[in-house]
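Please look over this model with me before we discuss it. My notes are set out as short numbered points.

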Amino acid sequence: MKSYGQLCSIARALDVVGDRWTLLIVRELLIGGELRFGEVQRGLPGIATNLLTQRLRDLETNGVVIREPSSGTSGTPKYQLTDRGRALDGVLRELLRWGAPAVPDAPSDAIFQMHWLSQPARFLLKDHRPDDPAVVIRFGTFDDGFDLTAAGGTITVTPCQRDASPLAAVAGPGPILVALLQGAMPLPIAIAQGVHVAGDAATLTRVLPPPPPASTNVPGQYT
């Protein structure tokens, strides 16, 4: 990216992360931790291979990403964020908040991947029953999903863990799940509109925002 050439911290930040796709690459690495090139690319539908290569190279040059040799036999390197890269977590959190009102107006053919919800889940959901035993709720699958743990008043979000024992597993349409996590749609209505909960559905009430008043009408969310 060509520099803005301005003695301004905002401009200097945009010199590093202002290119198209760059912050979404950071999003994928914040969610997944260490990822191979193909794993990053799967979370960025539409990006060209050569463009992803260039963006990762630029991020590495600027100290945002580090490339580590693979410890396995495949020889495929893995990418992860440096401390400076992980410091962008707060930036993405504010972008998430700022962009949330626009989600209901996304194009009808907008692509959805379940693991993208892990960041909103981490920021929006709370453990409303901190004295209860810890619970794990799985959203999606190992191929595209995450585990949410509620324990002692805190919420932890990780990629799906093989040794976890979820009390509930959640799947469904992206727009409905977004409305559910935002507190704009009660769980019974979300289920009626296509959200599927395997296991103990009541477990979700421990972490979901309180449902809106019955008289509340949220345009673009549900009727």
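The points below go from the domains to the cores, then the pockets, and end with single residues.

1. **Status.** This is a predicted model. Please read every point with that in mind.

2. **Domains.** The domain assignment splits the protein chain into domain 1 (9-102) and domain 2 (114-206). Their centres, taken over C-alpha atoms, are 25 Å apart. The two parts do touch: 11 residues of domain 1 are in contact with 9 residues of domain 2.

3. **The largest core.** The largest nonpolar core holds 29 residues. Which of them have the most contacts inside it? They are Phe139, Phe146, Leu148 and Leu204. Six elements each supply at least two residues of this core: strands E4 (135-140), E5 (145-151), E6 (154-158) and E7 (168-171), and helices H8 (174-182) and H9 (187-192). H8 gives the largest share, with 6 residues.

4. **A second core.** Another core lies apart from the largest one. This other core has 19 residues. Leu35, Phe37, Val40 and Leu52 are among them.

5. **Leu204.** Leu204 has some of the most contacts inside the largest core, as noted in point 3. Beyond its neighbours within four places in sequence, Leu204 is in contact with six residues that can be picked out on the model: Ile137, Ala168, Val170, Leu180, Leu187 and Val197.

6. **Thr203.** Next to look at is Thr203, in the segment after strand E8 (196-199). Is Thr203 buried or exposed? Its relative accessible area is 5%, under the 20% cut-off, so Thr203 counts as buried. Residues up to four places away in sequence are set aside here; Thr203 then touches Arg129, Val135, Ile137, Leu167 and Ala168. Two of these names, Ile137 and Ala168, also appear in the contact list of Leu204.

7. **The largest pocket: size and lining.** The largest pocket has a volume of about 1400 Å³. Its lining is made of 38 residues. Arg27, Val103, Ile111, Trp116 and Val178 lie nearest the centre. By type, the lining divides into 28 nonpolar, 8 polar and 2 charged residues.

8. **The largest pocket: where the lining comes from.** Helices H2 (22-32), H6 (89-99), H7 (118-124) and H8 each give two or more residues to the lining of the largest pocket. The largest share is that of H8, with 7 residues. H8 therefore deserves a second look, as the helix with the largest share of the largest core and of this lining. Domain 1 and domain 2 each provide at least three residues of the lining.9. **Arg27.** Arg27 is one of the residues nearest the centre of the largest pocket. Its place is in helix H2. Arg27 is buried, as its relative accessible area is 15% and the cut-off is 20%. With neighbours within four places in sequence left aside, Arg27 is in contact with Gly43, Leu44, Leu92 and Trp116. Trp116 is also among the residues nearest the centre of the largest pocket.

10. **The second largest pocket.** About 470 Å³ of space lies in the second largest pocket. It is lined by 15 residues. Leu35, Glu39, Phe142, Asp143 and Asp144 lie nearest its centre. H2 and helix H3 (37-42) are the elements that give two or more residues to this lining. H2 gives the most, with 3 residues. The lining divides into 5 nonpolar, 5 polar and 5 charged residues.

11. **Position of the second largest pocket.** Why is the second largest pocket said to lie between domain 1 and domain 2? Both domains give residues to its lining, so the pocket lies between them.

12. **Helix H1.** Helix H1 covers residues 9-17. Which of its residues are buried? They are Ala11, Asp15 and Val17. H2 is included in what covers them.

13. **Arg67.** Arg67 sits in strand E2 (residues 65-68). It is partly exposed, with a relative accessible area of 44%. Not counting residues up to four places away in sequence, Arg67 touches Glu60, Pro77, Lys78 and Tyr79. Its C-alpha atom is separated by 44 Å from that of Pro211, 144 residues apart along the chain.

Technical notes. Residues are numbered from 1 along each chain as its sequence is written. This is a predicted model: local features need pLDDT of at least 70, side-chain atom pairs count only at pLDDT 80 or more; totals for chains, interfaces and linings use all residues. Side-chain values use heavy atoms; hydrogens and water are left out. A nonpolar core is a set of buried Ala, Val, Leu, Ile, Met, Phe, Trp, Tyr and Cys residues joined through side-chain atoms within 4.5 Å. Buried means under 20% relative accessible area, exposed over 50%, partly exposed in between (1.4 Å probe, protein chains only). Helices (H or I, at least four residues) and strands (E, at least two) are DSSP runs, numbered from the N terminus. Contact means heavy atoms within 4.5 Å. On a 1 Å grid over the protein atoms alone, a cavity is a set of points where a 1.4 Å probe fits but cannot get out, and a pocket is an open set with protein on both sides within 12 Å along at least five of seven lines; lining residues have an atom within 4 Å of a point. Grid points are joined across faces, edges and corners, and a volume is the space filled by probe spheres set on the points. Ala, Val, Leu, Ile, Met, Phe, Trp, Tyr, Cys and Pro count as nonpolar, Asp, Glu, Lys and Arg as charged, and the others, Gly among them, as polar. Domain bounds come from an automatic or database domain assignment.
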